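Biologist: Can you walk me through this model? I'm new to this, so plain words please.

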Amino acid sequence: MSAGAFVRQQSKFRDRPEGGPERHHLYVALACPWSQRAAIVRAVTGLEIGISYAHPFRDERGWAFPGGRFADEINGFAFLQQGYDVTDPSFEGRVSVPVLWDKETGRIVNNESADIVVIFDEWTGGTLYPADKRAEIDELNGWIYEEFQNGVYRAGFSRSQEAYDEAFRGVFSALDRLEALLADRTYLAGDDITLADWRLLPTLLRFDAVYHTHFRCNGKRLIEFPNLLRYTRDLYAQPHVAETFALDEVKEHYYTTHDELNPKRIIPQGPLDLGFTA
Ligand SMILES: N[C@@H](CCC(=O)N[C@@H](CS)C(=O)NCC(=O)O)C(=O)O
């Protein structure tokens with residue numbers, strides 16, 4: 001890895017839930033791609049679990065619940081930090097979403113989206129992560145996360161030209177690889193939608209509106225990849241998926257929260273056509 005590379009912190013809470021969904025609650029920010037993964041799997045499986053939405057703007061106090069649509073009806077937290085503090089008073093890392101919360105013990109069970117989507121799938125019958133496809137799904141998840149989904153962040157938060165160049169190359173080689181894969185497959189692992197698809201989708205939805213501009217991933221736009229665009233449109237049109245995509249929140253979050261990248265906090269008007277919403 002190059003000097004000046006962005007390194008994401010490891011998720012701290014990785015426990016398995018005790019009991020079923022009714023005992024739990026999900027905290028997300030729809031602005032956040034890792035949160036949207038969890039929100040999508042909750043929505044498409046019809047999982048009955050309560051959900052609270054953090055406000056898209058984040059300052060040094062972290063994810064907040066200022067009220068209205070962005071209220072925490074379960075614990076009345078003003079900041080998600082409070083949930084981290086009661087779970088582990090010695091926690092000094094960054095307060096991240098999504099969070100799976102145990103209402104009985106009053107603690108965070110898990111704050112890793114990759115785990116949370118598997119838990120949700122198990123609670124709803126396990127059809128999105130079938131045993132015979134697991135190895136293939138895991139292999140896809142590995143490079144897609146590394147090169148593409150975390151790669152856009154590494155490009156955006158690079159502190160050197162070299163680190164940026166390396167991340168940029170990874171992002172576009174992953175997009176080329178996905179484009180080639182989708183030339184003869186409907187979904188990543190074949191004819192059926194799996195967790196690999198729902199994990200990937202949030203990054204594709206944000207690509208042209210945010211990563212292309214804000215994170216300098218401007219080699220090409222998503223709409224220039226015909227197979228990926230077809231695939232994104234298909235997934236976006238599945239029942240309940242569009243409800244989890246809050247474009248205004250996404251744009252507000254990225255363009256107003258990262259002052260080192262966009263100090264004037266001006267939110268771009270475009271793109272006028274994302275290609276998958278119509
Ligand atoms: N590995 C975690 C990453 C979650 C994550 O990084 N979330 C971001 C929002 S997109 C966050 O909450 N960051 C808080 C911060 O950096 O202060 C997951 O996938 O659940």
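**Contacts, burial and the ligand**

Modeller: I'll start with one contact: the side chain of T87 reaches the backbone nitrogen of I108 at 2.9 Å. That is a polar contact (a pair of N or O atoms within 3.5 Å; within protein, one must be able to donate a hydrogen and the other to accept it, and residues adjacent in sequence count only if both atoms are side-chain atoms). The model is predicted, so local features need pLDDT of at least 70 and side-chain atom pairs pLDDT 80 or more, while totals for chains, interfaces and linings use all residues. Residues are numbered from 1 along each chain as its sequence is written, and side-chain values use heavy atoms, with hydrogens and water left out.

Biologist: Where is T87 found, and is T87 buried or exposed?

Modeller: T87 is part of helix α2. Helices (H or I, at least four residues) and strands (E, at least two) are DSSP runs, numbered from the N terminus. With a relative accessible area of 6%, T87 is buried. The cut-offs are under 20% for buried, over 50% for exposed, and partly exposed in between (1.4 Å probe, protein chains only).

Biologist: OK, new topic. How many salt bridges does the structure hold?

Modeller: There are 13 salt bridges. The term means a side-chain nitrogen of Lys or Arg within 4 Å of a carboxyl oxygen of Asp or Glu. One of them pairs E249 with R69, where the closest N and O atoms are 3.2 Å apart. E249 lies in helix α8 (residues 247–257) and R69 in the loop between β2 (50–53) and α2 (81–87), so this pair ties together parts that are 180 residues apart in sequence.

Biologist: Which of the two labels, buried or exposed, goes with E249, and which with R69?

Modeller: E249 counts as buried, at 8% relative accessibility. R69 counts as exposed, at 62%.

Biologist: Give me another pair. What does D259 form a salt bridge with?

Modeller: D259 pairs with R265, and their closest N and O atoms are 2.9 Å apart. D259 is partly exposed at 33% relative accessibility, and R265 is partly exposed at 37%. Elsewhere, salt bridges that share partners join E18, R23, D102 and E104 into one network.

Biologist: And what about K133: how far apart are the closest N and O atoms in the salt bridge with E136?

Modeller: They are 4.0 Å apart. K133 is partly exposed, with a relative accessible area of 27%, and E136 is partly exposed at 29%.

Biologist: Let's move to the ligand. How many residues surround the ligand?

Modeller: The ligand is surrounded by 16 residues, and the closest are R8, W63, R94, E112 and S113. A residue counts here if one of its heavy atoms lies within 4 Å of the molecule.

Biologist: Which side chains have an N or O atom at 2.8 Å or 2.6 Å from an oxygen atom of the ligand?

Modeller: W63 is at 2.8 Å, and S113 is at 2.6 Å. In addition, an N or O atom in the R58 side chain is 3.4 Å from a nitrogen atom of the ligand. The ligand exposes 520 Å² when taken alone, and the protein buries 88% of that. These accessible areas come from the Shrake-Rupley method with a 1.4 Å probe; for residues, only the protein chains shown count as cover.

Biologist: Switching again. Where does H25 lie?

Modeller: H25 is in strand β1 (residues 24–28). H25 counts as buried, at 4% relative accessibility. The C-alpha atoms of H25 and I74 are separated by 8.1 Å, and the two residues are 49 apart along the chain.

Biologist: What about odd backbone spots? Which peptide bond has omega near 5°?

Modeller: The bond from V97 to P98, which is cis. P98 lies in the loop between α2 and β3 (99–102). The bond from G270 to P271 is cis too, with omega near -5°, and P271 belongs to the segment after α8.

Biologist: What is the phi of R216, and of H240?

Modeller: R216 has a positive phi of about 60° although it is not a glycine. R216 is in the loop between α6 (195–214) and α7 (226–236), and is partly exposed at 42% relative accessibility. H240, not a glycine either, has a positive phi of about 75°. H240 is in the loop between α7 and α8, and is partly exposed with a relative accessible area of 42%.
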